[in-house]
Amino acid sequence: MTILCVRFQLPPTREADLPRLLGMLEEFTPVVQALPPDGALADLRGAERYFGRGAVELASVIRVRSLALYGVDCVIGAGPGPMLARVALRDAVPGVTCAVPDGQEAIAEFLADKPVAALPGVGAATARTLGDYGLDTLGRVAAAPLSTLQRLIGAKAGRELHEKANGVDRGRVVPNAVSRSLATERPFDRDELDPDRHRRALLSAAEEIGARLRALEKVCRTLTLTVRYADRSATTRSRTLTEPTAHSPDLTRAAYGMYEALGLQRARIRAIALRAEGLDPADQASHQLTFDPVDEKVRRIEEVADRARAKFGPRAVMPGGLAGLAA
């Protein structure tokens with residue numbers, strides 16, 4: 001085991017602590033890749049030799065240090081590569097690191113009974129397509145002819161899926177920093193099945209992100225959606241916007257687009273989060289002018305609404321679809 005995938009159990013109000021937690025990981029290895037909003041990958045190949053301990057032992061030290069210094073627990077998966085470590089994370093619980101066993105046969109056995117969606121990058125639509133043909137587990141996908149997978153989901157995607165299902169992990173940890181960002185989360189009182197309530201949560205989150213960006217005189221280049229499910233798993237998707245913006249309708253359209261692309265059906269959702277990333281000063285951003293009078297009118301109304309919210313509170317002006325929400 002050389003790679004750890006760590007998910008810190010950060011409440012939404014403490015997401016700003018992630019950079020400090022990454023700094024704690026960097027005390028063990030400089031090869032740390034942030035996975036916002038609450039995770040990271042760490043390559044411990046050098047650390048294993050330096051400390052004379054295996055990755056699973058170091059994972060225990062990392063958890064204790066996270067609890068002692070920051071009061072934040074974490075779950076950790078360990079594997080020979082980033083993809084396998086992320087798969088292992090699904091089975092990890094606080095205090096018990098889930099490690100992928102050594103050896104190709106053991107890796108294949110570890111993956112065999114897991115659902116196709118357990119692989120990072122495999123969305124609900126792809127899993128549903130494969131499931132329609134009985135390829136609902138990684139073991140069945142691994143045993144399927146490559147040509148069959150390529151016919152179902154495309155040449156490149158089929159080849160990558162076939163390799164991953166067979167335990168071939170070509171990924172690597174790319175050191176990075178947490179970009180300056182704004183995030184908000186909408187938890188549900190109970191595991192929510194209703195798509196209309198999902199969309200209202202997205203609308204509310206996008207409106208908040210847009211208002212906060214405009215108050216800071218910032219625009220964002222990327223919007224990231226995280227959907228947290230009842231089984232504690234999560235799906236994260238990012239979209240680079242056509243142009244940097246703080247315009248709430250543009251952010252809402254992007255959020256809706258990512259949500260629809262997940263193809264969720266009867267999914268029990270516990271929370272929905274949006275993160276605006278790649279922030280730049282608004283006065284340095286360009287905006288494509290249009291001849292659409294409606295767009296210009298909406299932007300003028302948005303400016304007036306911002307002034308009203310600044311004077312009378314954040315709920316002074318809101319979209320009609322949110323008017324029934326509790327104060």
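These are my notebook entries on confidence, one covered helix and the enclosed space in this structure.

**Confidence.** I began by noting that the model is predicted, and then looked up how its confidence is distributed. The protein chain averages a pLDDT of 87, and 88% of the residues score at least 70. Going through the elements, I found the lowest mean pLDDT, 70, in helix H12 (residues 293-312), whereas strand E4 (residues 74-79) has the highest, 96.

**Helix H4.** I next looked at helix H4 (residues 82-89), which is mostly covered, with 7 of its 8 residues buried. I listed the buried residues of H4 as Pro82, Met83, Leu84, Ala85, Val87, Ala88 and Leu89. I then asked myself what covers the buried residues of H4. The cover includes strands E1 (3-8), E3 (39-43), E4 and E5 (98-99), together with helices H5 (104-112) and H9 (155-165).

**Cavity.** My search for enclosed space gave a count of 1 cavity of 30 Å³ or more, and I recorded a volume of about 60 Å³ for the largest cavity. The lining of the largest cavity is made up of 10 residues, and those nearest its centre are Pro37, Thr226, Ala273, Leu274 and Arg275. Strand E6 (181-192), strand E7 (218-229) and strand E9 (269-281) are the elements that give two or more residues to this lining, and the largest share, 3 residues, comes from E9. When I sorted the lining residues of the largest cavity by character, I obtained 5 nonpolar, 3 polar and 2 charged.

Methods. Residues numbered from 1 in each chain as written. Predicted model: local features only at pLDDT ≥ 70, side-chain atom pairs only at ≥ 80, totals over all residues. Heavy atoms only, no water. 1 Å grid on protein atoms, 1.4 Å probe; cavity = no way out; pocket = protein on both sides within 12 Å on 5 of 7 lines; lining within 4 Å. Points joined across faces, edges and corners; volume = space filled by probe spheres on them. Helix = DSSP H or I, 4+ residues; strand = E, 2+ residues; numbered from the N terminus. Nonpolar A, V, L, I, M, F, W, Y, C, P; charged D, E, K, R; others polar. pLDDT = per-residue confidence, 0-100. Buried < 20%, exposed > 50% of the residue type's maximum accessible area, 1.4 Å probe, protein only. Contact = heavy atoms within 4.5 Å.
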